[in-house]
Structure formats: C-alpha cells, structure tokens
Amino acid sequence: MAGFDKRVTSYEQALEGLEDGMTVLAGGFGLCGIPENLIAEIKRKGTKNLTVVSNNCGVDGFGLGLLLEDRQIRKMISSYVGENALFEKQLLDGELEVELTPQGTLAEKMRAGGAGVPAFYTATGYGTPIAEGKEVRQFDGRHYVLEHAITGDFAIVKGWKADKYGNVIYRHTARNFNPLAAAAGKITVVEVEEIVEPGELEPGEIQTPGIYVDRLICGTFEKRIEKRTVRD
Amino acid sequence: MALTREQMAQRVAGELKDGFYVNLGIGIPTLVANYVPVGMEVMLQSENGLLGMGPFPTEDEIDPDMINAGKQTVTARIGASIMDSAEAFAMIRGGHIDLTVLGAFQVDVLGNIASWMVPGKLIKGMGGAMDLVAGAENIIVTMTHASKDGESKLLQRCTLPLTGAGCIKRILTDLAYLEIDQGAFVLKERAPGVSVGEIVEKTAGELVVPDHVPEMRFA
C-alpha cells in the first residue's frame with residue numbers, strides 16, 4: 001500500500017491522464033519557479049488545445065514558450081505576455097486566444113479556486129476594459145467587480161523540497177504562483193529539486209501541505225535567468 | 001529646465017517617510033530607491049512576493065530564485081519577508097502599502113489613469129498595475145508632461161483604455177508637481193526654471209493655478 005506516498009518514478013507517469021482540451025494551471029513568475037520539466041513533458045507528449053493559466057507564457061524556446069512551437073496552447077490566461085515573439089505572432093494570426101487578467105486578480109482567482117470560493121468582488125479593474133460585461137456591486141460606496149475562481153484539470157508546480165507525503169516548501173521568490181496553482185488543480189503534480197526524509201521539514205514550515213498534492217517527482221533544473229541584473 | 005529622470009526620482013523621494021512600505025513601478029519609479037534619505041528606513045515591496053527588496057546582487061550573489069516584479073535578479077534585505085503572489089497582492093489590495101509610485105501614458109482631471117494599452121499596438125498585458133492603482137490610497141504618478149510629439153498627457157478625459165478609474169490624486173511630471181482636486185489639476189510646484197506659462201500651455205485638462213507657485217525643492 002502506498003498510503004500517502006505521492007512519489008512517481010517518471011515524468012510520463014507524472015502527467016498520465018492529461019488530455020487534449022484540458023485546463024492546466026502553471027506556477028512560476030517569468031522564468032522564476034517554473035515547472036520546467038513538466039512543461040517539457042507536455043511538449044513531448046504532444047497534448048493539444050490546452051487552456052493554460054499562468055502569469056506569463058515563458059520566452060521563445062523555454063518554459064511555456066515551448067508549447068507554442070507545436071501550437072499546443074489554444075488559450076492563455078495571463079497578466080503579462082510581452083516576452084515572447086512566437087506568442088505575438090500566433091496572437092496576431094488568430095491561432096491563439098489570450099485572456100488578460102490583472103496579476104492580483106489572477107492570483108486571487110487561483111486562491112479562490114483552491115479554497116472552494118466560486119467568485120469574489122474586487123475593486124481592481126473597475127471602470128477599465130477588463131470589467132466589461134462583469135457584474136458590478138457597491139459596498140460602502142465603492143464599486144467592485146465580480147471575478148470568478150479558476151480551477152484546473154491539472155496543476156503543474158515547481159517546489160524546492162518535499163517529503164514523500166507531498167509536503168512542499170519553495171525557495172525565495174520562486175514561490176510566487178506555485179502554492180496557489182497547487183491548491184487549485186484537480187490533479188496536482190509537483191516537481192522538486194530534492195525529496196527529503198519525512199520529518200526533515202518542520203511541520204510549521206510547510207508551504208503546500210500534502211493534501212493538495214497528488215503526484216510528486218524529483219527533477220534537475222536549468223533555472224534560466226530572464227533579466228540578469230547586477231550592481232556596479 | 002525640465003527635470004531629468006533622476007531629478008524626478010529625487011523629488012518623489014521627498015514624499016517618503018520613515019517606516020513606509022513602498023511599491024515602486026518600472027522605470028523612473030525604480031530610481032526613487034536611490035534617493036532614500038540617509039537615516040530613513042523604508043521597505044520596498046515587489047508584487048511577485050518580496051517585501052524588503054535589497055540592492056541588485058553582485059555576480060557572486062546572483063540567484064535565479066530571487067527576482068523582482070520586473071524579473072530582474074535582486075537581493076532581500078535584512079528584515080525582508082517572502083510570500084506567495086496572492087498574499088503579495090492582498091497587501092496591495094488590502095491597502096497596506098503606504099506609497100505606490102508608477103508611470104502612466106495619460107492621467108485626467110477625474111483621477112483616471114491609462115498606462116497599459118495603446119489600441120492598434122500589441123497588447124502585452126497590465127501585470128499588477130490595475131491592482132496597484134485600485135488598492136493604494138497614496139499613489140504618485142510619474143511621467144513626462146507631454147509626449148515626444150508635444151501632446152499633453154494631462155487631459156480632461158483619458159483617450160486610452162483605463163488602468164483604473166478615479167484613483168489618482170498626485171502627479172509628478174518633468175515640469176511640475178500637481179494634485180487633482182474637484183475635477184481639476186492644481187499646480188502645486190514647478191520645476192526650477194520652468195515658467196507657469198509653459199505648464200499651462202502643456203496641460204490639456206482644466207488646470208487651477210494658484211497666485212503663488214513655488215519652485216520645487218529636492219530632498
């Protein structure tokens with residue numbers, strides 16, 4: 001019996017059941033904390049017509065940008081997609097749909113999805129094009145827009161360390177959207193740099209408790225830097 | 001003389017107060033960090049999930065897991081904390097940030113701001129700008145007073161799609177510091193050597209000019 005052992009042995013197994021047309025939530029901000037091996041596996045697998053929810057869409061040739069090469073993404077839900085020439089081309093050619101969502105609203109939509117909150121009101125975007133067609137309500141004299149939660153058929157997540165129970169911690173700002181995606185996936189797959197012995201991680205330190213994690217795999221990471229900036 | 005980018009940053013730094021949590025946008029706002037007065041402690045927030053941003057790293061300190069909201073490698077200062085993006089925006093949307101500084105294409109007399117989209121040009125996205133303008137009480141917009149073609153960016157009504165409605169009260173341009181009050185811009189300070197006449201000429205929206213408009217002073 002596997003009990004709470006969430007480990008799988010191959011990336012193929014990690015994404016078993018991912019099918020054409022599904023919605024995938026991906027952690028990461030820019031190229032920081034992206035599940036780079038799980039993305040590469042989706043490319044290898046050739047799954048098509050995906051809706052991908054991620055703050056950005058990688059860059060040309062790396063991260064989610066890889067999935068544009070064979071037109072595997074039908075729709076992106078993101079806050080900023082300006083780093084990617086292929087994205088631009090497919091968008092202009094009408095091959096790709098994009099739903100631009102304010103970054104905080106995107107994070108909150110995932111958080112709400114994972115927490116079973118179907119929708120929430122936010123002042124963000126009121127009076128702007130992104131509020132068009134959405135319900136507006138006033139609270140204490142201020143206008144708020146109704147935004148719906150997001151869940152995914154799959155969530156792909158990059159952690160730093162985990163134990164076999166799927167308790168995950170993240171490193172520095174590589175946390176970003178990862179814990180939010182982890183909680184909002186029907187099937188949540190986490191790849192980490194190291195799987196440690198149970199008990200090594202302090203219970204109070206755990207950032208994604210294992211209850212959210214279905215599959216866990218240990219990988220090696222390139223961790224490409226998007227804007228290398230140093231001081232003089 | 002119109003202010004340089006550095007002088008604009010220096011003037012904005014005069015609005016910092018000891019103990020402030022501050023979010024600085026990309027461009028001129030980022031430069032404000034260079035002019036924090038000596039002895040004053042402020043904590044910079046980066047909306048990807050870092051409160052207490054330090055300087056850029058040395059070559060040896062570069063860490064791909066430590067970046068700011070502009071995706072640049074950074075460091076965390078002593079006293080910093082790191083959180084997920086929902087919590088980083090909960091701070092913003094919950095009104096916990098003391099000062100937000102960001103750029104814009106246009107601002108109008110109703111406090112509307114347009115900063116993310118020019119129709120007909122490629123749309124890259126709003127990132128966190130809509131959350132920042134909706135969540136913060138205390139916002140300073142920094143931008144040039146007029147475009148390179150000489151068109152005013154201070155308008156009666158924004159013509160570009162909005163980032164936020166009715167959220168801006170303070171603007172620093174390369175020519176002036178202005179506030180928005182009762183449906184008009186109010187000229188509060190002028191850049192050294194810039195005449196009131198030039199500011200009036202380059203402001204398209206309704207502008208209130210007090211009898212005395214002092215020259216700007218720098219922190």
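The following exchange concerns the contact between chain A and chain B in a predicted model.

Biologist: What makes a residue part of the contact, and how many does each chain give?
Modeller: Contact means heavy atoms within 4.5 Å, and 49 residues from chain A and 45 residues from chain B enter into it. This is a predicted model, in which local features need pLDDT of at least 70 and side-chain atom pairs count only at pLDDT 80 or more, whereas totals for interfaces use all residues. Residues are numbered from 1 along each chain as its sequence is written, and side-chain values use heavy atoms, with hydrogens and water left out.

Biologist: How do you know what area is buried between chain A and chain B?
Modeller: Buried area is the accessible area (1.4 Å probe) that two parts lose on being put together, summed over both; here that comes to about 3,900 Å², with carbon and sulfur atoms giving 61%. Thr173(A), Thr229(A) and Arg231(A) supply 17% of what chain A buries against chain B, more than any other three residues.

Biologist: Why is the meeting of Asp63(B) and Arg171(A) called a salt bridge?
Modeller: The term requires a side-chain nitrogen of Lys or Arg within 4 Å of a carboxyl oxygen of Asp or Glu; the side chains of Asp63(B) and Arg171(A) meet at 2.6 Å, N to O, so this pair satisfies the rule. Across the interface the rule finds 6 salt bridges.

Biologist: What confidence does the predictor give the complex?
Modeller: The predictor gives the complex an ipTM of 0.96 and a pTM of 0.97. For chain B, the mean pLDDT (the predictor's confidence in each residue, from 0 to 100) is 96, and 100% of its residues reach 70 or more.

Note on methods:
Chains are lettered from A and ligands numbered from 1 in the order in which they are written.
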